[in-house]
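Please consider the sequence and the three-dimensional structure shown here. The paragraphs after them follow the pairing of strands along the chain.

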Amino acid sequence: MEVRFWGTRGSIPTPGSHTVRFGGNTSCVEVRTAEGHIFIFDCGTGARPLGEALMAPPVAPVSASILFSHTHWDHIQGFPFFAPAFEPRNTIAVYGPEGGRRSLHDTLARQMELSYFPVELSQLPATLSYTDLGEGAHTIGGARIVAQYLNHPAVTLGYRVEADGAAVVYACDHEPFGGALWRTDAAPGPLESILHEGDRRHAHFLADADLVIHDAQYTPEEYRWRKSWGHSTFEYVVELACTAGVKRLALTHHDPSHDDAVVAEIERRARAVAERRRSPIEVFCAFEGCRARVEPRGVTPAGGPETAPPPAATVAPGARVLIVDDDPVMRRLTTRALQNDGYVLTEATNGREALEVMRRETPDLVILDFVMPELDGLDVLRALRADPATVSLPVLMLTSQSDEGSTRAGFDAGATDYLTKPFSSPQLSARVRACLTRAPKP
Ligand SMILES: [Zn+2]
Ligand SMILES: [Zn+2]
(Lines give C-alpha, C1' and ligand atoms only; values in the text may rest on other atoms or scores of the structure.)
(Ligands and ions follow the chains in the order given, each with its own letter.)
Protein backbone atom coordinates (compact mmCIF):
# COMPACT_ATOMS: atom_id res chain seq x y z
CA MET A 1 0.00 0.00 0.00
CA GLU A 2 1.06 3.56 -0.71
CA VAL A 3 0.01 6.16 1.85
CA ARG A 4 0.03 9.89 1.32
CA PHE A 5 -0.97 12.63 3.75
CA TRP A 6 -2.89 15.55 2.25
CA GLY A 7 -4.17 17.10 5.48
CA THR A 8 -2.65 16.66 8.94
CA ARG A 9 -4.24 19.49 10.94
CA GLY A 10 -7.09 19.05 13.42
CA SER A 11 -10.13 21.23 14.04
CA ILE A 12 -9.54 24.11 11.58
CA PRO A 13 -7.13 24.90 8.74
CA THR A 14 -4.03 26.82 9.83
CA PRO A 15 -2.28 28.35 6.80
CA GLY A 16 0.75 30.55 7.38
CA SER A 17 4.49 30.66 7.72
CA HIS A 18 4.35 28.99 11.16
CA THR A 19 2.87 25.74 9.78
CA VAL A 20 4.74 25.23 6.48
CA ARG A 21 6.58 22.14 7.71
CA PHE A 22 3.69 20.06 9.07
CA GLY A 23 0.93 21.70 7.04
CA GLY A 24 -2.28 23.62 7.62
CA ASN A 25 -4.91 21.58 5.74
CA THR A 26 -7.32 19.48 7.78
CA SER A 27 -7.55 15.66 7.84
CA CYS A 28 -7.23 13.77 4.58
CA VAL A 29 -5.17 10.62 3.91
CA GLU A 30 -4.91 8.67 0.66
CA VAL A 31 -4.16 4.94 0.68
CA ARG A 32 -3.63 3.08 -2.60
CA THR A 33 -3.56 -0.69 -2.79
CA ALA A 34 -1.39 -2.70 -5.19
CA GLU A 35 -4.53 -3.37 -7.23
CA GLY A 36 -4.84 0.38 -7.67
CA HIS A 37 -7.88 1.02 -5.53
CA ILE A 38 -7.90 4.46 -3.90
CA PHE A 39 -9.11 4.81 -0.32
CA ILE A 40 -9.51 8.32 1.06
CA PHE A 41 -9.79 8.73 4.81
CA ASP A 42 -11.70 11.91 5.61
CA CYS A 43 -12.14 14.95 3.41
CA GLY A 44 -10.86 17.88 5.41
CA THR A 45 -9.43 20.73 3.33
CA GLY A 46 -6.61 18.36 2.26
CA ALA A 47 -9.16 16.77 -0.09
CA ARG A 48 -8.84 19.77 -2.43
CA PRO A 49 -5.15 19.25 -3.38
CA LEU A 50 -5.77 15.47 -3.45
CA GLY A 51 -8.63 15.99 -5.90
CA GLU A 52 -6.43 18.19 -8.09
CA ALA A 53 -3.71 15.53 -8.13
CA LEU A 54 -6.23 12.85 -9.13
CA MET A 55 -7.50 15.05 -11.99
CA ALA A 56 -4.04 16.00 -13.28
CA PRO A 57 -3.37 14.93 -16.89
CA PRO A 58 -3.35 12.30 -18.24
CA VAL A 59 -6.77 11.95 -16.70
CA ALA A 60 -8.19 8.46 -16.38
CA PRO A 61 -11.60 7.85 -14.80
CA VAL A 62 -11.26 7.91 -11.01
CA SER A 63 -12.74 5.13 -8.89
CA ALA A 64 -12.32 5.77 -5.19
CA SER A 65 -13.80 4.96 -1.79
CA ILE A 66 -14.07 7.80 0.72
CA LEU A 67 -14.30 6.64 4.34
CA PHE A 68 -15.38 9.34 6.77
CA SER A 69 -14.45 8.80 10.41
CA HIS A 70 -17.27 11.19 11.36
CA THR A 71 -18.76 14.39 10.05
CA HIS A 72 -17.20 17.15 12.16
CA TRP A 73 -16.22 20.10 9.97
CA ASP A 74 -12.52 19.35 9.80
CA HIS A 75 -13.30 15.95 8.25
CA ILE A 76 -15.87 16.97 5.61
CA GLN A 77 -15.14 20.58 4.61
CA GLY A 78 -12.98 19.64 1.64
CA PHE A 79 -15.62 17.35 0.13
CA PRO A 80 -17.43 20.08 -1.86
CA PHE A 81 -14.03 21.05 -3.33
CA PHE A 82 -13.05 17.48 -4.31
CA ALA A 83 -12.63 17.90 -8.09
CA PRO A 84 -13.26 14.24 -9.09
CA ALA A 85 -16.87 14.62 -7.87
CA PHE A 86 -17.42 17.16 -10.69
CA GLU A 87 -16.52 14.76 -13.52
CA PRO A 88 -19.23 12.38 -14.81
CA ARG A 89 -16.79 9.58 -15.69
CA ASN A 90 -15.78 9.15 -12.03
CA THR A 91 -17.23 6.74 -9.49
CA ILE A 92 -17.00 7.58 -5.81
CA ALA A 93 -18.32 5.35 -3.03
CA VAL A 94 -18.79 7.27 0.20
CA TYR A 95 -18.88 5.58 3.62
CA GLY A 96 -19.31 6.89 7.13
CA PRO A 97 -20.56 5.76 10.52
CA GLU A 98 -24.16 4.74 10.96
CA GLY A 99 -25.84 6.08 14.05
CA GLY A 100 -25.52 9.83 13.84
CA ARG A 101 -28.74 11.79 14.15
CA ARG A 102 -29.13 11.78 10.36
CA SER A 103 -27.72 9.69 7.54
CA LEU A 104 -24.27 10.35 6.08
CA HIS A 105 -25.92 11.45 2.82
CA ASP A 106 -28.15 13.99 4.58
CA THR A 107 -25.28 15.41 6.63
CA LEU A 108 -23.12 15.88 3.53
CA ALA A 109 -26.08 17.34 1.61
CA ARG A 110 -26.70 19.88 4.39
CA GLN A 111 -23.21 21.34 4.19
CA MET A 112 -23.88 21.84 0.46
CA GLU A 113 -27.25 23.58 0.81
CA LEU A 114 -27.30 26.75 -1.26
CA SER A 115 -26.88 28.93 1.86
CA TYR A 116 -23.40 27.43 2.27
CA PHE A 117 -22.27 26.34 -1.20
CA PRO A 118 -23.31 27.06 -4.81
CA VAL A 119 -23.60 23.41 -5.94
CA GLU A 120 -25.94 20.99 -4.20
CA LEU A 121 -24.87 17.42 -3.46
CA SER A 122 -27.51 16.04 -5.85
CA GLN A 123 -26.02 18.13 -8.70
CA LEU A 124 -22.57 16.53 -8.54
CA PRO A 125 -21.97 14.88 -11.94
CA ALA A 126 -19.89 11.90 -10.76
CA THR A 127 -21.57 8.61 -9.86
CA LEU A 128 -21.76 8.78 -6.07
CA SER A 129 -23.07 6.17 -3.63
CA TYR A 130 -23.53 6.53 0.13
CA THR A 131 -23.30 3.77 2.72
CA ASP A 132 -23.73 4.12 6.48
CA LEU A 133 -21.34 1.65 8.07
CA GLY A 134 -21.65 -0.20 11.36
CA GLU A 135 -18.88 -1.59 13.48
CA GLY A 136 -17.40 -4.84 12.16
CA ALA A 137 -15.62 -6.27 9.11
CA HIS A 138 -16.55 -5.11 5.61
CA THR A 139 -15.19 -5.79 2.13
CA ILE A 140 -14.61 -2.55 0.24
CA GLY A 141 -12.49 -1.96 -2.88
CA GLY A 142 -11.04 -5.47 -2.69
CA ALA A 143 -9.77 -4.96 0.87
CA ARG A 144 -10.95 -6.14 4.27
CA ILE A 145 -11.93 -3.07 6.24
CA VAL A 146 -12.56 -3.44 9.95
CA ALA A 147 -14.49 -0.53 11.43
CA GLN A 148 -14.50 0.13 15.17
CA TYR A 149 -16.05 2.87 17.28
CA LEU A 150 -13.66 5.41 18.75
CA ASN A 151 -14.17 7.59 21.84
CA HIS A 152 -15.22 11.01 20.55
CA PRO A 153 -18.13 13.42 21.09
CA ALA A 154 -19.76 12.10 17.88
CA VAL A 155 -20.35 8.61 16.54
CA THR A 156 -16.89 8.02 15.05
CA LEU A 157 -15.28 5.03 13.34
CA GLY A 158 -11.64 4.03 13.12
CA TYR A 159 -10.72 1.96 10.06
CA ARG A 160 -8.27 -0.90 9.72
CA VAL A 161 -7.43 -1.66 6.09
CA GLU A 162 -6.07 -5.14 5.43
CA ALA A 163 -4.77 -5.47 1.88
CA ASP A 164 -1.63 -6.59 0.04
CA GLY A 165 -0.61 -8.70 3.05
CA ALA A 166 -0.33 -5.68 5.32
CA ALA A 167 -2.49 -3.60 7.66
CA VAL A 168 -2.93 0.18 7.95
CA VAL A 169 -5.10 1.74 10.67
CA TYR A 170 -6.64 5.21 10.53
CA ALA A 171 -7.90 6.40 13.94
CA CYS A 172 -9.02 10.06 14.11
CA ASP A 173 -10.60 11.47 16.29
CA HIS A 174 -10.19 9.57 19.54
CA GLU A 175 -9.41 10.13 23.20
CA PRO A 176 -8.49 7.65 25.97
CA PHE A 177 -11.41 5.77 27.52
CA GLY A 178 -9.81 5.56 30.95
CA GLY A 179 -8.43 8.25 33.27
CA ALA A 180 -5.17 6.28 33.29
CA LEU A 181 -3.90 3.77 30.74
CA TRP A 182 -2.24 1.31 33.16
CA ARG A 183 -3.29 -0.43 36.32
CA THR A 184 -1.00 0.59 39.15
CA ASP A 185 -0.58 -3.00 40.38
CA ALA A 186 0.80 -4.25 37.06
CA ALA A 187 3.85 -3.38 34.96
CA PRO A 188 3.02 -1.07 32.04
CA GLY A 189 3.31 -2.76 28.65
CA PRO A 190 1.24 -5.93 28.43
CA LEU A 191 -2.37 -5.78 27.20
CA GLU A 192 -3.55 -7.22 30.52
CA SER A 193 -2.15 -4.20 32.35
CA ILE A 194 -4.56 -1.82 30.59
CA LEU A 195 -7.12 -0.47 33.07
CA HIS A 196 -10.15 0.34 30.91
CA GLU A 197 -11.79 -2.27 28.65
CA GLY A 198 -12.28 0.39 25.96
CA ASP A 199 -8.54 1.10 25.75
CA ARG A 200 -7.82 -2.63 25.63
CA ARG A 201 -10.27 -3.02 22.75
CA HIS A 202 -8.57 -0.11 21.01
CA ALA A 203 -5.14 -1.75 21.44
CA HIS A 204 -6.51 -4.95 19.87
CA PHE A 205 -7.76 -2.86 16.97
CA LEU A 206 -4.21 -1.54 16.34
CA ALA A 207 -2.52 -4.90 16.93
CA ASP A 208 0.45 -5.72 14.68
CA ALA A 209 -0.46 -3.02 12.16
CA ASP A 210 2.30 -2.02 9.74
CA LEU A 211 1.24 1.61 9.98
CA VAL A 212 -1.10 3.36 12.42
CA ILE A 213 -2.24 6.90 11.63
CA HIS A 214 -3.55 8.29 14.91
CA ASP A 215 -4.97 11.44 16.45
CA ALA A 216 -2.37 12.91 18.84
CA GLN A 217 -3.63 16.46 19.16
CA TYR A 218 -2.46 17.23 22.69
CA THR A 219 0.49 17.14 25.00
CA PRO A 220 -0.27 15.50 28.38
CA GLU A 221 -0.12 18.98 29.96
CA GLU A 222 -2.81 20.30 27.58
CA TYR A 223 -5.03 17.24 27.90
CA ARG A 224 -5.64 17.95 31.58
CA TRP A 225 -7.81 20.89 30.46
CA ARG A 226 -9.24 19.21 27.34
CA LYS A 227 -10.84 16.06 28.74
CA SER A 228 -13.95 14.91 26.85
CA TRP A 229 -12.97 17.04 23.80
CA GLY A 230 -12.27 13.77 21.98
CA HIS A 231 -8.53 13.81 21.29
CA SER A 232 -5.46 11.89 22.42
CA THR A 233 -2.08 12.78 23.81
CA PHE A 234 1.01 11.56 21.97
CA GLU A 235 1.99 9.70 25.13
CA TYR A 236 -1.20 7.60 25.22
CA VAL A 237 -0.93 6.80 21.52
CA VAL A 238 2.75 5.77 21.63
CA GLU A 239 2.24 3.64 24.76
CA LEU A 240 -0.75 1.90 23.21
CA ALA A 241 0.97 1.38 19.85
CA CYS A 242 4.05 -0.13 21.56
CA THR A 243 1.80 -2.54 23.46
CA ALA A 244 -0.06 -3.43 20.25
CA GLY A 245 3.16 -4.26 18.39
CA VAL A 246 2.65 -1.56 15.78
CA LYS A 247 5.54 -1.17 13.29
CA ARG A 248 5.18 2.48 12.36
CA LEU A 249 3.14 5.25 13.97
CA ALA A 250 2.14 8.50 12.28
CA LEU A 251 0.87 11.12 14.73
CA THR A 252 -1.59 13.51 13.14
CA HIS A 253 -4.58 15.85 13.68
CA HIS A 254 -2.12 18.45 14.97
CA ASP A 255 -3.66 21.11 17.20
CA PRO A 256 -4.32 24.42 15.39
CA SER A 257 -2.44 26.27 18.16
CA HIS A 258 0.71 24.20 17.57
CA ASP A 259 3.25 25.77 15.23
CA ASP A 260 5.98 23.74 13.51
CA ALA A 261 8.32 24.04 16.51
CA VAL A 262 5.69 22.64 18.90
CA VAL A 263 4.85 19.71 16.58
CA ALA A 264 8.58 18.95 16.17
CA GLU A 265 8.91 18.94 19.95
CA ILE A 266 5.94 16.54 20.20
CA GLU A 267 7.72 14.25 17.73
CA ARG A 268 10.87 14.32 19.87
CA ARG A 269 8.95 13.60 23.07
CA ALA A 270 6.89 10.85 21.40
CA ARG A 271 10.07 9.09 20.25
CA ALA A 272 11.41 9.33 23.80
CA VAL A 273 8.30 7.48 25.06
CA ALA A 274 8.98 4.65 22.57
CA GLU A 275 12.63 4.52 23.65
CA ARG A 276 11.58 4.32 27.28
CA ARG A 277 9.46 1.30 26.34
CA ARG A 278 12.48 -0.17 24.45
CA SER A 279 10.17 -0.59 21.46
CA PRO A 280 11.48 -0.82 17.85
CA ILE A 281 8.45 1.19 16.67
CA GLU A 282 9.12 4.07 14.27
CA VAL A 283 7.29 7.23 15.37
CA PHE A 284 6.86 10.42 13.36
CA CYS A 285 4.55 13.41 13.10
CA ALA A 286 2.76 13.34 9.76
CA PHE A 287 3.18 16.33 7.48
CA GLU A 288 1.42 17.44 4.34
CA GLY A 289 2.92 15.66 1.32
CA CYS A 290 4.41 12.92 3.53
CA ARG A 291 4.42 9.52 1.79
CA ALA A 292 4.75 6.13 3.43
CA ARG A 293 5.15 2.86 1.60
CA VAL A 294 3.77 -0.16 3.42
CA GLU A 295 5.51 -3.28 2.17
CA PRO A 296 3.57 -6.53 1.96
CA ARG A 297 4.53 -9.14 4.53
CA GLY A 298 3.38 -12.09 2.43
CA VAL A 299 0.69 -12.90 4.97
CA THR A 300 -1.93 -10.63 6.41
CA PRO A 301 -0.84 -9.65 9.92
CA ALA A 302 -2.19 -12.07 12.47
CA GLY A 303 -3.06 -9.32 14.94
CA GLY A 304 -6.05 -7.08 14.97
CA PRO A 305 -9.57 -7.83 15.96
CA GLU A 306 -9.41 -11.42 14.69
CA THR A 307 -12.91 -11.96 15.94
CA ALA A 308 -14.21 -8.84 14.21
CA PRO A 309 -17.85 -9.64 13.72
CA PRO A 310 -19.72 -9.05 10.51
CA PRO A 311 -21.30 -5.59 10.51
CA ALA A 312 -23.66 -5.24 13.45
CA ALA A 313 -27.34 -4.74 12.84
CA THR A 314 -28.37 -1.14 13.30
CA VAL A 315 -30.01 -0.13 16.55
CA ALA A 316 -33.77 -0.32 16.16
CA PRO A 317 -35.54 2.99 16.71
CA GLY A 318 -37.30 3.05 20.04
CA ALA A 319 -34.61 1.10 21.94
CA ARG A 320 -35.46 1.27 25.66
CA VAL A 321 -32.90 2.91 27.91
CA LEU A 322 -33.25 2.91 31.71
CA ILE A 323 -31.45 5.72 33.54
CA VAL A 324 -30.68 4.87 37.19
CA ASP A 325 -29.40 7.72 39.35
CA ASP A 326 -30.36 9.14 42.73
CA ASP A 327 -29.29 12.63 41.65
CA PRO A 328 -32.11 14.45 39.80
CA VAL A 329 -29.61 16.79 38.09
CA MET A 330 -27.70 13.84 36.62
CA ARG A 331 -30.94 12.18 35.49
CA ARG A 332 -31.94 15.39 33.75
CA LEU A 333 -28.50 15.80 32.07
CA THR A 334 -28.52 12.18 30.91
CA THR A 335 -32.05 12.48 29.56
CA ARG A 336 -31.13 15.68 27.75
CA ALA A 337 -28.06 14.04 26.18
CA LEU A 338 -30.14 11.21 24.74
CA GLN A 339 -33.50 12.83 24.06
CA ASN A 340 -32.91 13.30 20.32
CA ASP A 341 -31.53 9.81 19.68
CA GLY A 342 -34.93 8.15 19.26
CA TYR A 343 -34.82 6.02 22.41
CA VAL A 344 -37.61 5.40 24.88
CA LEU A 345 -36.14 6.72 28.14
CA THR A 346 -37.29 5.67 31.60
CA GLU A 347 -35.84 6.64 34.97
CA ALA A 348 -35.29 4.99 38.33
CA THR A 349 -34.20 6.99 41.35
CA ASN A 350 -32.36 4.20 43.19
CA GLY A 351 -31.07 0.65 42.80
CA ARG A 352 -34.07 -1.08 44.31
CA GLU A 353 -36.51 0.77 42.06
CA ALA A 354 -34.30 -0.06 39.07
CA LEU A 355 -34.48 -3.80 39.77
CA GLU A 356 -38.26 -3.55 40.19
CA VAL A 357 -38.63 -1.72 36.87
CA MET A 358 -36.49 -4.36 35.17
CA ARG A 359 -38.52 -7.19 36.67
CA ARG A 360 -41.55 -5.82 34.81
CA GLU A 361 -39.76 -5.11 31.53
CA THR A 362 -36.13 -5.62 30.53
CA PRO A 363 -34.72 -2.51 28.82
CA ASP A 364 -32.21 -2.67 25.94
CA LEU A 365 -29.58 -0.77 27.95
CA VAL A 366 -29.10 0.51 31.51
CA ILE A 367 -27.19 3.66 32.44
CA LEU A 368 -26.18 3.08 36.03
CA ASP A 369 -24.87 5.44 38.68
CA PHE A 370 -22.19 4.04 40.99
CA VAL A 371 -22.87 5.58 44.41
CA MET A 372 -26.51 5.37 45.52
CA PRO A 373 -28.03 4.90 48.99
CA GLU A 374 -29.04 1.36 50.06
CA LEU A 375 -28.39 -0.57 46.86
CA ASP A 376 -25.48 0.95 44.94
CA GLY A 377 -24.57 0.52 41.27
CA LEU A 378 -22.29 -2.46 41.88
CA ASP A 379 -25.04 -4.31 43.82
CA VAL A 380 -27.49 -3.70 40.98
CA LEU A 381 -24.93 -4.83 38.41
CA ARG A 382 -24.13 -8.02 40.31
CA ALA A 383 -27.84 -8.80 40.61
CA LEU A 384 -28.27 -8.31 36.85
CA ARG A 385 -25.31 -10.52 36.00
CA ALA A 386 -26.58 -13.29 38.31
CA ASP A 387 -29.89 -13.43 36.43
CA PRO A 388 -29.80 -15.36 33.11
CA ALA A 389 -32.33 -12.89 31.61
CA THR A 390 -29.99 -9.93 32.09
CA VAL A 391 -26.56 -11.59 32.11
CA SER A 392 -25.55 -9.87 28.86
CA LEU A 393 -27.73 -6.76 29.09
CA PRO A 394 -25.55 -3.73 28.19
CA VAL A 395 -24.83 -1.66 31.29
CA LEU A 396 -22.98 1.66 31.04
CA MET A 397 -21.75 2.94 34.39
CA LEU A 398 -21.90 6.73 34.50
CA THR A 399 -20.21 8.13 37.55
CA SER A 400 -17.92 10.62 39.20
CA GLN A 401 -15.93 7.68 40.67
CA SER A 402 -12.98 8.09 38.34
CA ASP A 403 -10.40 6.32 40.53
CA GLU A 404 -8.76 3.09 39.47
CA GLY A 405 -10.37 0.95 42.18
CA SER A 406 -13.89 1.97 41.18
CA THR A 407 -13.17 1.50 37.47
CA ARG A 408 -11.86 -2.00 38.10
CA ALA A 409 -14.75 -2.84 40.44
CA GLY A 410 -17.19 -1.73 37.72
CA PHE A 411 -15.63 -3.92 35.04
CA ASP A 412 -15.14 -6.82 37.47
CA ALA A 413 -18.84 -6.70 38.30
CA GLY A 414 -19.64 -6.89 34.57
CA ALA A 415 -20.04 -3.32 33.31
CA THR A 416 -20.12 -3.05 29.52
CA ASP A 417 -18.64 0.43 29.62
CA TYR A 418 -17.51 2.89 32.28
CA LEU A 419 -17.77 6.64 31.70
CA THR A 420 -16.67 9.21 34.24
CA LYS A 421 -17.16 12.93 34.72
CA PRO A 422 -16.38 15.24 33.10
CA PHE A 423 -18.13 13.92 30.03
CA SER A 424 -20.03 15.73 27.30
CA SER A 425 -23.55 15.02 26.05
CA PRO A 426 -22.43 13.96 22.54
CA GLN A 427 -19.77 11.71 24.07
CA LEU A 428 -22.37 9.96 26.22
CA SER A 429 -24.67 9.67 23.21
CA ALA A 430 -21.90 8.02 21.13
CA ARG A 431 -20.93 5.62 23.93
CA VAL A 432 -24.57 4.56 24.43
CA ARG A 433 -24.80 3.96 20.69
CA ALA A 434 -21.69 1.75 20.72
CA CYS A 435 -23.00 -0.30 23.67
CA LEU A 436 -26.36 -0.83 21.98
CA THR A 437 -24.78 -1.78 18.64
CA ARG A 438 -22.53 -4.37 20.28
CA ALA A 439 -25.30 -5.92 22.37
CA PRO A 440 -26.04 -9.53 21.40
CA LYS A 441 -29.17 -9.53 19.27
CA PRO A 442 -31.93 -11.97 20.12
ZN1 LIG B 1 -11.17 16.30 13.89
ZN1 LIG C 1 -14.15 15.35 15.59
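The account below treats a group of strands early in the chain and then a sheet later in the chain.

The structure is a predicted model. Its description may begin with strand S2, which spans residues 28-32, and strand S3, which spans residues 38-41. These two strands run antiparallel and are joined over four bridges. Within this pairing, Glu 30 lies opposite Ile 40 of S3. S2 and S3 form a hairpin with five residues between the strands. In that hairpin Gly 36 adopts a positive phi, near 100°.

Strand S3 has a further partner in strand S4, residues 63-67, and here the pairing is parallel, again with four bridges. Phe 39 faces Ser 65 of S4 across this pairing. Between S3 and S4 the chain passes through helix H1, which covers residues 47-54. The resulting β-α-β crossover is right-handed.

The second part concerns an open sheet of seven strands. Their order is S7-S8-S9-S10-S11-S12-S13, and the sheet is mixed in its pairing. Strand S7 (136-140) and strand S13 (282-285) are the edge strands, each of them pairing on one side only. From one strand to the next, the twist averages 20°.

At the S7 edge of this sheet, the neighbouring strand in the order is S8. Strand S8 comprises residues 143-149 and pairs with S7 in the antiparallel sense, over five bridges. One position in this pairing can be located by its residues: Thr 139 has Arg 144, in S8, as its bridge partner.

Technical notes: Residues are numbered from 1 along each chain as its sequence is written. Chains are lettered from A and ligands numbered from 1 in the order in which they are written. This is a predicted model: local features need pLDDT of at least 70, side-chain atom pairs count only at pLDDT 80 or more; totals for chains, interfaces and linings use all residues. Two strands pair if DSSP finds at least two bridges between them. A crossover is right-handed if, with the strands pointing away from the viewer, the path from the first strand over the helix to the second runs clockwise. Axes are lines fitted to C-alpha atoms, for helices over the stretch in contact, and angles run from 0 to 180 degrees between N-to-C directions.
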